[in-house]
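The following questions and answers examine a protein model together with its bound ligand. Please consult the sequence and the structure while reading them.

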Amino acid sequence: MSIPKNNYTYPTTNFIDRVCTPLMNFADVAEMFRVLESTEARLEMTSVIVNFLKTVPRDELRDVIYIIQGKLHPDFYQVEFGMADKLVLKAISLTTGVPYEVIENTWTKIGDSGEVAEKLIKEKKQITLFSETLSVARVVKNLKLIEICEGKESQMLKTKYLASMLHDSGPIEAKYLCRIVTGKMRTGASIMTILDAIAITFATKEERSEIERAFNITCDSGLVAETLAKNGMRGIRAISVRIGNPIKVMLAERLSSLSEIIEKMGGTCAVEYKYDGIRAQIHISGNYVKIFSRRLEDLTDNFPDIAKSLISHFRGKEVIVEGECVAISAKTGHIQSFQDIAHRRRKYNINETIKDIPVRIFLFDMLYLDGIDLTSKPYFERRKLIEEWFNIAGIVQMSCMKIIHSTEEAERFFNDAIKERCEGIIAKSTKNESVYRAGSRGFLWIKYKKDYCGNFIDSFDLVVVGAFYGMGRRAGKYGALLMASYDSKSGRYGTVCKLGTGFDDNFLDNLPNLLNEYKSNEKPHLLDAKIIPDIWFQPGIVLEVVGAEVTISPNHAAGMNVIKEGSGIGIRFPRFTGRVRYDKEPEQSTTVSEMIKMYNMQFTDFDLTT
Ligand code: AMP
């Protein structure tokens, strides 16, 4: 499959010829990381990054923006450095001359190969006299070499490239280099903080929303920063949706009753089945196809059948469409549970899986067509184009939709959706302003799920931040988890509940595996918590949890002082639904402000008639 010309330029070996003008020293980047790591408040973090960005040469800005995030490319470009801690320890040994076993012992005690490098290089530097200054250009060049190493000698080469950088590093540079190559760069600066800093450095506060839009439709912070620094806001406004760059997905708000939804929509709206599957954003250009998850992962290899069908059912040249991938029963044609489609995320044996778990995609939006950005067109126009440009048959289906004018009609549609094994419905505004709001959750789409009708008020997607050792039957395993929610305003996480029910034995046995890579020796930098678990985890894994009530809680830190002085918010009777939300990043978990809205919603009348 060829990559279209207007796509993000993927690295080739050409960079080896790149002129390495040492414009900026990596020591300056490392020093900024050091300060950032000791800063907790989002505003302070922003100003640390702003002061730093002012010193970055324009030609290196794009690389530097990725490096701040511990990467060499935008998030959606999925290449890893492929260096585990033990390989990094070898590079430290090669640089310092300290025997590997001694280094491994130190690492076992400290737990962070970055800190090990910092300590040993500090000791070594007292005796080494000569070394070159490590430039950002050289770091980028060597990291790219590490990234593309393949084959039998790759481990040895990766170690060598890292060791060569460590040789010319001070202790702080060494610490962050090791964290970058192991994928453990956790300075705590979220993408929103970085965008704030880019806007403050190169534009004005008022222009922040346009800059964020450019990011939301390209998911490429390096491109946005470079364009802004070189071409100003004119350049930013000229950035448009492009094949190959995923667009941040639009999300739905929630309301607790169908009557409220109809009222909010002004008496009439479209309603669609809310399918319980995996959201897919598909980019097609000729024979090129990419399927992105809502987390910007590349799912193309998991859904080769959907990729192939969409190409053959499309009548134009280039398109970006969205839909929900759902498993269906080979025997009855009925929609199957989310667990069935979740199997497709495992890439092995995909040919067998295609036969065992047939799928369908229910298309619900079109964002781009043959050179035209459709995100600012109204809902109906976008939906009509799907039907016009796709042959709707077989694997490729349209989401079921109806225009409604009353609560009764909404209730009937909702009941039909549940009968068809959907999760509920999504009401969509049909007004002229019903544009596709990339990356935002708003009332143009409102979801209503069956969870809202039972004893449980809703499901929450919460982040695992701690674990407690089990007792009795659960001795030797984790018995309960400490769960947190993300506060998009402060960029911090706050705990909301201790989760101990809903786990089956299999899940409990696998929990250590699932969480291992997020283990942290101390409380994560960006977490507020009053309860201290036996083990801390960096935010990474999101679980779906149902609860009976959002309550005020003196034991939990999320939403502290918002509803009541000295208290946060918590969830009563939380229960794990069995679903790990691999498709959600921790920052996409249910936010604190959503939880506060849910708390307030409890005091409005529930519509339990459906
Ligand atoms: P939630 O994950 O609860 O915030 O619900 C939003 C998700 O519902 C989207 O990200 C989609 O994956 C899914 N979904 C299912 N059917 C539809 C539909 N007809 N329109 C939009 N989203 C849908």
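Q: How do the residues of the shell around the ligand divide into nonpolar, polar and charged?
A: The model is a predicted one. In it, 15 residues surround the ligand, and the closest are Glu 272, Arg 279, Glu 324, Lys 428 and Lys 447. Asp, Glu, Lys and Arg count as charged. On that basis the shell divides into 5 nonpolar, no polar and 10 charged residues.

Q: Which strand gives the most residues to the shell around the ligand?
A: Strand E2 (269–274), strand E10 (424–428) and strand E11 (441–449) each supply at least two residues of this shell. The largest contribution is 4 residues, and it comes from E11.

Q: Which residue has a polar side-chain atom 2.7 Å from an oxygen atom of the ligand?
A: A polar contact requires N or O atoms within 3.5 Å. A side-chain N or O atom of Lys 274 lies 3.0 Å from an oxygen atom of the ligand, and a polar backbone atom of Tyr 273 lies 3.0 Å from a ligand nitrogen atom. The distance of 2.7 Å to a ligand oxygen atom belongs to a polar side-chain atom of Lys 447.

Q: What percentage of the area that the ligand exposes when taken alone does the protein bury?
A: The ligand occupies the space of the largest cavity. Taken alone, the ligand exposes 500 Å², and the portion of this area buried by the protein is 96%.

Q: Where does Asp 370 lie, a residue with a positive phi?
A: Asp 370 is not a glycine, yet its phi is positive, near 40 degrees. With a relative accessible area of 32%, Asp 370 is partly exposed. Its position is the loop between strand E6 (359–369) and strand E7 (372–373).

Q: Is Arg 421 buried, partly exposed or exposed?
A: Arg 421 is found in the loop that runs between helix H18 (407–419) and E10. Its phi is near 65 degrees, a positive value in a residue other than glycine. Exposed means over 50% and buried means under 20% relative accessible area. Because the relative accessibility of Arg 421 is 46%, this residue counts as partly exposed.

Q: With the side chain of which residue does the side chain of Thr 300 make a polar contact?
A: Thr 300 is located in the loop between strand E4 (288–292) and helix H14 (304–313). At 10% relative accessibility, Thr 300 counts as buried. At a distance of 2.5 Å, the polar contact partner of its side chain is the side chain of Asp 298.

How values were computed. Residues are numbered from 1 along each chain as its sequence is written. This is a predicted model: local features need pLDDT of at least 70, side-chain atom pairs count only at pLDDT 80 or more; totals for chains, interfaces and linings use all residues. Side-chain values use heavy atoms; hydrogens and water are left out. A residue is near a molecule or strand if one of its heavy atoms lies within 4 Å of it. A polar contact is a pair of N or O atoms within 3.5 Å; within protein, one must be able to donate a hydrogen and the other to accept it, and residues adjacent in sequence count only if both atoms are side-chain atoms. Accessible areas come from the Shrake-Rupley method with a 1.4 Å probe; for residues, only the protein chains shown count as cover. On a 1 Å grid over the protein atoms alone, a cavity is a set of points where a 1.4 Å probe fits but cannot get out, and a pocket is an open set with protein on both sides within 12 Å along at least five of seven lines; lining residues have an atom within 4 Å of a point. A molecule sits in a cavity or pocket if more than half of its atoms lie within 2 Å of its grid points. Buried means under 20% relative accessible area, exposed over 50%, partly exposed in between (1.4 Å probe, protein chains only).
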